[in-house]
Amino acid sequence: MQLLMLLLFIALPVLLSWPLGRFMTAVMNPPINSSDGRMEILLRKTGGRMLDREQDWKGYLISMLFFNAIMFTAVVLMLALQQMLPLNPDGKGPLEASLIFNTAASFVTNTNLQHYAGEVSMSYFSQLFALTWLQFVSAATGIACFTALARSLAGRTLVGNFYRDLLRSTLFILLPLSIIVALLLVVGGVPMTFEGAAAARTLEGAMQTIARGPVAAMVAIKQLGTNGGGFFGPNSTHPFENPSFLTNYIECICIPLIAMATVWMFGRITGRMRHAAVIFSVMLLLLVLKSGIALNLESAPAMAFKGLPIESVSNLEGKELRFGPSGTAAMWAAVTTATSNGSVNCMHDSLNPLTGLVPLAGMWLNVIFGGVGVGFINMFIFIIVGVFICGMMVGRTPEYCARKVETHEMKLALLALLVHPLLILVGTALFASTTWGASTVLNKGAHGFSEILYEFSSAAANNGSGFEGLGDGTVPWNVSTGLVMLLGRFIPIILPLAIAGSMAAKKPVPETTGTLRIDTPLFAVVILGSVLLIGALLFMPVAVLGPVADYLSTSIQ
Amino acid sequence: MKTTLMEDTGANIAASLRIALATIVLCSGLYPLFIFSFAHFAVPEAASGSLVRNQAGKVVGSRLIAQAFTKPGYFWPRPSAVKYTAEAAGGSNLSPAGPEVRERALKTVKEYGADSRHPLPADLAATSGSGLDPLITLRAALFQASRVAHARGMALSDVEAAIRRHADGQKILGSGEGLVNVLVLNMELDAAGKTTMVPR
C-alpha cells in the first residue's frame, strides 16, 4: 500500500516532466533565427528596446538584480499601504515594518517563509497584487537564470536577455500551467471569491467567522513555482486550500514538476541528454529514498499516546484525515523540502521526532530537484566539485562540458558551497544561545532547538516551510531571516553564473578517451557521493543535537 | 554595442518598470479574474466557500470547515488547537512525543469515557493540522453513536444507519476507511428529529 502511494505521487510528475521539458526548451530557447516570430514581437512590445540586447553573464545578472530590486520596492509599498488600498472587505490594518521587510524578502526570493497568517493579516489586494505577483516573477527569475546557466555551459558567452527570458517563463510556462491547475482546484472545491469572511451561526448557536477569498489562483502558482506561500496560515493543510484527496494529489504532483522538467531542459540546451539523465536519476533516487523514509517513520503512532486507552494508528497530530493515511502527508513533507517549495499539508512541528529530520535533510542538501531553476544551479556546484575531486584523483586538469575547471572556478564554487551551511549554522547558534531564539520556542529541549534550526534551514534554502510552533513574528526573527533569505537566494545564483561564464570564455578542449565521462552510472555515483558526503558532514552535528536527541530522549524511557 | 553605465542603468530601470507593470496586470489582474469568472459560472457554491444553510436560509457553517460541538446529542469533531476559529486556523505544533500532548490526550480520554476495552479512536485524541478538519473516521463516529442516541432518545441502530449512509460517500483512496462529515451528519440528525412523531 505504501509503495503504491510512493509510486502514485512520484511517477506522474516524472512522466509529465519529459514533455514539459521539451515544451519549456522550445519556449525558453527557441532557435536564434526565430526572433521574428509573433511571440517574440509581443515580448518586445511589452518590454521595450532593452529586450533586443544579447547580454553576457554580467549584464544578465545586473538586469536580474535591477528587476528584483523593483519587485522588492513595489511590494514593500503595496504591503505598507494595504489599509488604504482596495480589495480589503475585512478591513485588514497596517502591517509592522520588520514584518513588511521579511515578507517582501521572503516572496522576492521565492522562499515564502510566512511570519504572518494570511487570513489574519493580509487584504485580498496584498494577497493577489503583492504576493501572488511575486510568486510568478520570482519563479520566472529562477527559470531565467537557469536558462542562462545552461546556455553558458553550452559554450555561449552571450547568454541571452534576462527580460526576454523572464517574460517567456511567466507568460508561456507559469501562467498557462497555473490556469490549468487553478481551474482543476476550483472544480475540486477550492474557493475563489472576493466576498469578505462569511458569518455563520452554528448548530449550537455560536457565531463562527469563516475566512475565505481568492484562494484558488494563489494555491495554483504557489505549488507550481516552488513558492509555497499559502493563502491561509496552515497552508495546504487548510480545508479551503486543499479540500479533498484529489486536490491533494494535484497539488502534490505540481510541487516537483517544473524543477524536474528543467533537468531535461538542461540536457536539450547543452545537447547532453545522457548527462541530464544521469543527474535526473541521482535526484530521483534521493527523492524516493527521502519519501520512503518519511512514509515509513510517520506510520508509527504518536509516542505521547503510549499506554493510554487510544487506538494505535499512525501519528495523526497535526494531520488532516481527508488526505489518507499519515504517510501521504509525510511524503508531501519530503517532496516539499526536496524541491524548495515549502508548502505543507500537515504541521511539520508535529511530525514524529525522527521524521522531522527528513525535511531538514532535504533543505540542507537543497539539490533534490530543488527550487524551479535554482535547484539545478545548486546541483551545478556539486557537479563541479565532483568533477574536481575526480580530476585530482587521476591527476588531470578537471573538465566539465568541454571546458577546463581551474582555480578561479573552484574558489567561487567552494564559496557558493559554504554560504548555505554558514547561514544556517551561524544563525542557529546565535538564536539558540540568546533570548532572541530561546524565548520564542514552543516545545522544550531538543525539539525546541529543532524549531530554531528548521527556521534558519528553511530561510537559507529558500524553502519557506516551518516548525510553526516557533513564535517567529518578532523583530529579531524578521530581520535575521529576511537577510538570510536574500543572501541565500542571490549568492547561489550569482556565483554559479560567474563560474559558467568564466568557463564559456575558455577555449573548448576536445573530448578524448582520457576525458572524465559525465554520462555514465559511475558519474552518478560521483555526484551522489559529493552531495551526500559534503551535505552530511556539514550538518551531522546539528542533526544529532536536534531531531536525533529529540527521538532518543522521548523513545528511551 | 558599447554603452555607458548611466545609459545602462536607465535602460534597465525602464525595462524593469514596464515588465513589472505588464506582469502585475496579467498575473494579479487578468489571471485571477478569469479563474473567478469560471468559478462563479461553473461551481458557484464551492467558489464562495461551500457554505451550508438551514431551512430558513441562514448560513450555519461550511461543509469544509469544522465547528464546535459540545452537546451530547451532537457528534463531536476532532479536537482543535484554535478552538475552531475559522478566521485564524492552525494546529497545536506540539511534539507528538511531548508531555503536553499526553496531558491533553488524558483529558480527552476522560471526556469520552474511553478505557482499555473501548479505546478512543486516535483521530479524536489528536488535534488536526488546520484545527478545522471537518471529518472524523467511521470508527470515531461509531464510538460516539451510543452517547448521541442516548441524548436524543433515538434507537442506536437508527444513529448507526445515519453514520453509515454518510461514510459511504467519503471513502478515501489508500485507507479504505470511511470518513464522516460531522456537520452534515449532525444536520441530518436534527432534520430527522423534527420529523419524528414521538421522540423516544
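The exercises below, each with a worked solution, concern a predicted model of chains A and B.

Residues are numbered from 1 along each chain as its sequence is written, while chains are lettered from A in the order in which they are written. Because the model is predicted, local features need pLDDT of at least 70 and side-chain atom pairs count only at pLDDT 80 or more, whereas totals for chains, interfaces and linings use all residues.

**Exercise 1. Describe the contact between chain A and chain B from the side of chain A.**

Solution. Begin with the count: the contact takes 97 residues from chain A and 90 residues from chain B, where two residues are in contact if their C-beta atoms, placed from the backbone, lie within 7 Å. Next, find the elements that give two or more residues to the side of chain A; among them are helix H3 (57–80), helix H7 (162–187) and strand S3 (198–201) of chain A, with helices (H or I, at least four residues) and strands (E, at least two) taken as DSSP runs numbered from the N terminus. The largest share, 11 residues, comes from H7(A). Finally, sort this side by class, which gives 60 nonpolar, 25 polar and 12 charged residues; here Ala, Val, Leu, Ile, Met, Phe, Trp, Tyr, Cys and Pro count as nonpolar, Asp, Glu, Lys and Arg as charged, and the others, Gly among them, as polar.

**Exercise 2. Determine how H7(A) packs on H1(B).**

Solution. Two packed helices are described by the angle between their axes and the distance between the axes. For H7(A) and H1(B), the angle is about 15 degrees and the axes are 10 Å apart; the axes are lines fitted to C-alpha atoms, for helices over the stretch in contact, and angles run from 0 to 180 degrees between N-to-C directions. H7(A) and H1(B) are therefore roughly parallel to each other, since angles under 35 degrees count as roughly parallel, over 145 as roughly antiparallel, 65 to 115 as roughly perpendicular and the rest as oblique. Their crossing is right-handed, a term used if the near helix is turned clockwise from the far one by less than a right angle, with left-handed for anticlockwise. The residues that make the contact include Leu166(A), Ile179(A) and Leu183(A) of H7(A), together with Ile19(B), Leu26(B) and Phe34(B) of H1(B). By class, this contact has 19 nonpolar, 3 polar and no charged residues.

**Exercise 3. Repeat the analysis for H6(A) and H1(B).**

Solution. The axes of helix H6 (residues 124–153) of chain A and helix H1 (residues 5–42) of chain B come within 9 Å and cross at roughly 110 degrees, so the two helices are roughly perpendicular to each other. H6(A) passes H1(B) in a right-handed crossing. Among the residues that meet are Phe129(A), Trp133(A) and Phe136(A) in H6(A), and Ile24(B), Cys27(B) and Pro32(B) in H1(B). The residues of this contact divide into 8 nonpolar, 3 polar and no charged.

**Exercise 4. Locate Asn110(A) and Cys401(A), and assess the burial of each.**

Solution. Asn110(A), in the loop between helix H4 (97–108) and H5 of chain A, has a positive phi of about 65 degrees although it is not a glycine. Asn110(A) is buried, with 31 other C-beta atoms within 10 Å; a residue is buried if 20 or more other C-beta atoms lie within 10 Å of its own, exposed if 12 or fewer, and partly exposed in between. Cys401(A), in the loop between strand S5 (399–400) and strand S6 (403–404) of chain A, is not a glycine either, yet has a positive phi of about 50 degrees. Cys401(A) is buried, with 22 other C-beta atoms within 10 Å.
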